[in-house]
Amino acid sequence: MDAFDKKILNILQHDCTASVSEVASQVGLSTTPCWRRIQAMEKSGIIKGRVALADPEKLNVGLTVFVTIKTNQHNPNWLSEFRKVAIDFPEILEFYRMSGEVDYLLRVVVPDMKAYDSFYQRLITRASFADISSSFAMEEIKYTTALPIDYI
């Protein structure tokens, strides 16, 4: 990636609705070369997709919960089944296998504590865990989906 690609990617990460001509103008290219660069980044997988970011409050899912999970079943079958379970829960936005004290970390969004309790009850009936702990986000201080591009 050269400087033009980085500028293009930076613009699209902040506003994927920008037209090719708007992006081209901002980076100092004509439309066709800019479009080709965007297509190349999509084809190579640098750009995985383009999405609309919704406001959680307006969709009534303003409570963010970080759920840490420990298991005593460290085998591929258990993980495969748990992956399937996680996919079934639209409340789970992110799902990570971790190193250290915790085996898995989930980021969950729900309307309120009652909805979280319902989510929790459904989750524990679908998989066995050694321990589950929940931390509730009190304030969102920084949130972005834009990845840093300075390491390329």
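**Exercise 1.** How many nonpolar, polar and charged residues are in the lining of the second largest pocket?

*Solution.* We are working with a predicted model. Start with the space itself: the second largest pocket has a volume of about 630 Å³. Next, look at what surrounds it: 18 residues line this pocket, and Leu12, Gln13, Gly49, Val51 and Thr145 lie nearest its centre. Finally, sort the lining by class, which gives nine nonpolar, six polar and three charged residues.

**Exercise 2.** Find which strand gives the most to the lining of the largest pocket.

*Solution.* This pocket has a volume of about 870 Å³. Its lining has 28 residues, and the closest to the centre are Pro56, Leu93, Arg107, Glu140 and Tyr143. Now turn to the strands: E1 (63–70), E2 (92–97) and E3 (104–110) each supply at least two lining residues. E3 gives the most, with four. As a last step, classify the lining: 18 residues are nonpolar, three polar and seven charged.

**Exercise 3.** Describe the largest nonpolar core and place Phe82 within it.

*Solution.* In soluble globular proteins, nonpolar side chains tend to be buried together. Here the largest such core has 21 residues, and Val67, Ile69, Phe82, Val108, Leu123 and Phe129 have the most contacts inside it. Two or more residues come from each of E1, helix H4 (76–87), E3 and helix H5 (113–126). H4 provides the largest share, five residues. Now zoom in on Phe82: setting aside neighbours within four places in sequence, Phe82 is in contact with Ile69, Phe95, Tyr104, Leu123, Ala127 and Phe129. Apart from this core lies another, of 13 residues, including Ala24, Val27, Cys34 and Ile47.

Technical notes. Residues are numbered from 1 along each chain as its sequence is written. This is a predicted model: local features need pLDDT of at least 70, side-chain atom pairs count only at pLDDT 80 or more; totals for chains, interfaces and linings use all residues. Side-chain values use heavy atoms; hydrogens and water are left out. On a 1 Å grid over the protein atoms alone, a cavity is a set of points where a 1.4 Å probe fits but cannot get out, and a pocket is an open set with protein on both sides within 12 Å along at least five of seven lines; lining residues have an atom within 4 Å of a point. Grid points are joined across faces, edges and corners, and a volume is the space filled by probe spheres set on the points. Ala, Val, Leu, Ile, Met, Phe, Trp, Tyr, Cys and Pro count as nonpolar, Asp, Glu, Lys and Arg as charged, and the others, Gly among them, as polar. A nonpolar core is a set of buried Ala, Val, Leu, Ile, Met, Phe, Trp, Tyr and Cys residues joined through side-chain atoms within 4.5 Å. Buried means under 20% relative accessible area, exposed over 50%, partly exposed in between (1.4 Å probe, protein chains only). Contact means heavy atoms within 4.5 Å.
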